[in-house]
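Please look through this model with me before it goes into any calculation. My notes are numbered and brief.

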2 protein chains.
Amino acid sequence: MVKIDPDRLLTDLKRLRNFGATGPGVVRLALSPVDLESRRWLAGRMAEAGLDAVIDGVGTVFGRSRKSGPALVIGSHTDTQPTGGWLDGAMGVIYGLEIARALAENDTTSHLAVDVASWIDEEGTFSGLLGSRSFVGEPVEESIRRAANREGQHLQDVLEAAGLAGLPRARFEQGRHVAYLEPHIEQGGRLEAAGKSIGVVTTIVGLRELRLRFTGQRNHAGTTPMSIRRDAGAALVAFIPQMNDAFAQLADADTVWTVGRIDLDPGSLSVVPGGADMYLQFRDANTARLQAMEETLVALVRDFNAQGPLNVELTTVDEPMEPVTMDAALAAHLASAADAVAPGQWLRVPSGAAHDAQVIARCMPACMMFVPSIGGMSHDFIEDTAEEHIVLGCQVAATAAAAILQEQWARQS
Amino acid sequence: MVKIDPDRLLTDLKRLRNFGATGPGVVRLALSPVDLESRRWLAGRMAEAGLDAVIDGVGTVFGRSRKSGPALVIGSHTDTQPTGGWLDGAMGVIYGLEIARALAENDTTSHLAVDVASWIDEEGTFSGLLGSRSFVGEPVEESIRRAANREGQHLQDVLEAAGLAGLPRARFEQGRHVAYLEPHIEQGGRLEAAGKSIGVVTTIVGLRELRLRFTGQRNHAGTTPMSIRRDAGAALVAFIPQMNDAFAQLADADTVWTVGRIDLDPGSLSVVPGGADMYLQFRDANTARLQAMEETLVALVRDFNAQGPLNVELTTVDEPMEPVTMDAALAAHLASAADAVAPGQWLRVPSGAAHDAQVIARCMPACMMFVPSIGGMSHDFIEDTAEEHIVLGCQVAATAAAAILQEQWARQS
């Protein structure tokens, strides 16, 4: 069996952590100066591993194996949230680098091609999942022209300043790229709660993002009796339990919904709110359930408006994302590898978070593997994973990678 | 009986409306250029009416009668809300001007002294009720040094630029100032609902402004199962009905409470809120009830924290304001005048809004009189009052003003 080098893996992970390290966490927003610095370092490490490494026209670092195909692409992202953890994305990329090295060093696997990717801007500093969307051939020119970060910097300007604008972009190679593997931290508490070390991902959940805008009558908070108020905020607060009850009827244990933001208008202590906005996100692995939840919401809105006297309007905040099922054959390889390396220590789990894998799955079979997040925490400086789990996960992924490519060779010969 | 001049009254009211007119409403924030312009105009009109008029060291326009006391002060404010109505405050000031003129023109009342005031910044652009607080001798130097408007302009700088800094400030004159009358629009719908034209104010309600800060655990909205969330926003939303039920037990028909603002932290669709702030105001004419409501809230907070696992913290946003009872003898004069001028058309009502009168009441007997607001609307461009009610209100106020001063003369002779 191919063996990874735990010290080399952990050393590279910790080196990458130094770029943007902030306390225990990392601030390395896509295409920021420190992110660009880390990309140059990463491309250098890929080159040392024998890959042809480039930073492409959107900022993705792509290390292409010099070996002929079939090739397995292993990747994730190295950009972070505004207050990000050190492993979210970064771990999967360094796994790819270590697996490329480990396979190259082992006589039985040295002929196998592993391409390694750090997709740009998974976290959406400018435009979420930009690198993987570019790779699968989605027309991203419009995103590049229009996207800006919170500081108002335009993506186009940032790419130009970095000398990347107009460079070729890494693209899916038909015939060569036969499978995609994305190892990642779980970002939830399921593996930890079950006492398991490895998760084989079944599905990446889909999601809906909606806004409910309640309209009442703005009025003086001192002179307007309770009995005649049309308080949009009070209506919003009263609506939520109805929604919760209705969603609970439809949900299974993995269904989640979140009211992440509430705005009352005008937001003054002495004014009865005339308007109230509530932003809602819900996620599920099952398209039919997502659809049923949305229909339930539409019915609640209809009832609310029929009842009066206030009004509520339901609108879409962002395009719906449909659930993406991971490739069963690739998942079986991950399961076999987990059985061999970590017998009894693995579990099939859905991914509650979005990942580049859901984009890459549009052009080739894709799979994902998780290691546990301590306390289920992520998108926070304190995000962490036990070192033994980091090492174990890389060994499982390397074992699966070798098996996936060996099967492809066997099929082609 | 003294007779006001309806045309002169309405003409001056409409002239004042032109300063900052915006659609049907008015934008005339305290000490803004257009507000200063209107103050110069107002001081001019006062001088034409025979008053010694000044714009004082904080911006209050004070027109002092040349007649010896006893003097009645009639006033309100001419600054507006950011999106204000044309009568809120302005009507009471122009009533004062018209009553001073009407009394001077009538042989039986021409010896009576009426001082007229437009107190600066009732609406709190810089520091709420500043003019009346200065008049009663509250030390406002700290407010002047520290206050700034939403644009970050400092009050001190604005007063200096206007040439007002350091000028004398209008002050309560012991021996001369024997009573205060503030006519005002109702800003609520009680008079209209009862089909009445005049309100004699019993009490200005007190208020409490509090913040409830819920602390939970910020987490990923996709990967954190509903069962293990500590969603601070959900806790806030669940708390409100408990609070509503508890307050409803204590309330009478005039008690009001408002959640005017809610902030979820970080306010992102894809993050389970780790923090949630709710801003609460409640008002009542009864100090004991305000106290009971606050104690109820403290008990709910204690229960919430005892139950866990989330935490909530209750803090004061602004100093409590206690209810202020209007002077009974002055209110009796208003009632007699209403009986004479508008028999059967008047009502005793509380004031749900704060007014300069509650400050002035600290140094002399004070009373207030209301005219109806159409649809109960105020703090909005569409605020309005029927012209017949504006005229009727001024006649009632003039009749009461004469009676109040004549009683004082009779007492002193």
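The points below cover the basis of the model, the chain interface, the cores, the charged pairs, the cysteines and the backbone.

1. Basis. This is a predicted model, where local features need pLDDT of at least 70, side-chain atom pairs count only at pLDDT 80 or more, and totals for chains, interfaces and linings use all residues. Residues are numbered from 1 along each chain as its sequence is written, chains are lettered from A and ligands numbered from 1 in the order written, and side-chain values use heavy atoms, with hydrogens and water left out.

2. Interface. Contact here means heavy atoms within 4.5 Å. On that rule, 46 residues of chain A touch 46 residues of chain B. The two chains bury about 3800 Å² between them, 60% of it on carbon and sulfur atoms. Buried area is the accessible area (1.4 Å probe) that two parts lose on being put together, summed over both. On the chain A side, A:His220, A:Val237 and A:Leu269 lose the most area to chain B, together 17% of what that side buries. How many salt bridges cross between chain A and chain B? The rule finds zero. A salt bridge is a side-chain nitrogen of Lys or Arg within 4 Å of a carboxyl oxygen of Asp or Glu.

3. Cores. A nonpolar core is a set of buried Ala, Val, Leu, Ile, Met, Phe, Trp, Tyr and Cys residues joined through side-chain atoms within 4.5 Å. Buried means under 20% relative accessible area, exposed over 50%, partly exposed in between (1.4 Å probe, protein chains only). The largest core has 77 residues. A:Leu31, A:Tyr95, A:Ile99, A:Ile198 and A:Ile390 have the most contacts inside it. Helix H12 (residues 387-412) of chain A gives the largest share, twelve residues. Helices (H or I, at least four residues) and strands (E, at least two) are DSSP runs, numbered from the N terminus. A second, separate core of 76 residues includes B:Ile144, B:Ala337, B:Met369 and B:Leu405.

4. A:Ile198. Beyond its neighbours within four places in sequence, A:Ile198 contacts several residues, among them A:Leu191, A:Trp346, A:Phe370, A:Leu392 and A:Val396.

5. Salt bridges. The whole structure has 52 over all chains. A:Arg64 pairs with A:Glu173, with the closest N and O atoms 2.7 Å apart. A:Arg64 is in strand E4 (residues 61-65) and A:Glu173 in the loop between helix H6 (155-161) and E7, so the pair ties together parts 109 residues apart in sequence. A:Arg64 is partly exposed at 30%, and A:Glu173 is partly exposed at 25%.

6. Chain B pairs. B:Glu98 and B:Arg101 meet in a salt bridge (2.9 Å, N to O). Both lie in helix H3 (residues 90-105), three residues apart, about one turn of the helix. Both are buried. B:Arg190 bridges to B:Asp254, with the closest N and O atoms 2.7 Å apart. B:Arg190 lies in helix H7 (residues 190-194) and B:Asp254 in the loop between helix H8 (232-250) and strand E11 (256-265), so this pair links parts 64 residues apart in sequence.

7. An unpaired arginine. B:Arg211 sits in strand E9 (residues 206-215) of chain B. It is buried yet has no salt bridge. The nearest side chain of opposite charge, B:Asp277, is 4.5 Å away. Lys and Arg count as positive, Asp and Glu as negative; His and the chain ends are not counted. The contacts of B:Arg211 include B:Tyr279, B:Glu313 and B:Val317.

8. Cysteines. A disulfide is a pair of cysteine sulfur atoms within 2.5 Å. The count is zero over all chains. For A:Cys367, the nearest cysteine sulfur, that of A:Cys363, is 13 Å away. A:Cys367 is buried, with a relative accessible area of 1%.

9. Backbone. Most residues other than glycine have a negative phi, and most peptide bonds are trans. Please check these exceptions. A cis peptide bond joins A:Gly308 and A:Pro309, with omega about -5°. The bond from B:Gly308 to B:Pro309 is also cis, with omega near -5°. A:Gln187 has a positive phi near 70° and is buried, at 2% relative accessible area. B:His379 has a positive phi of about 50° and counts as buried at 13%.
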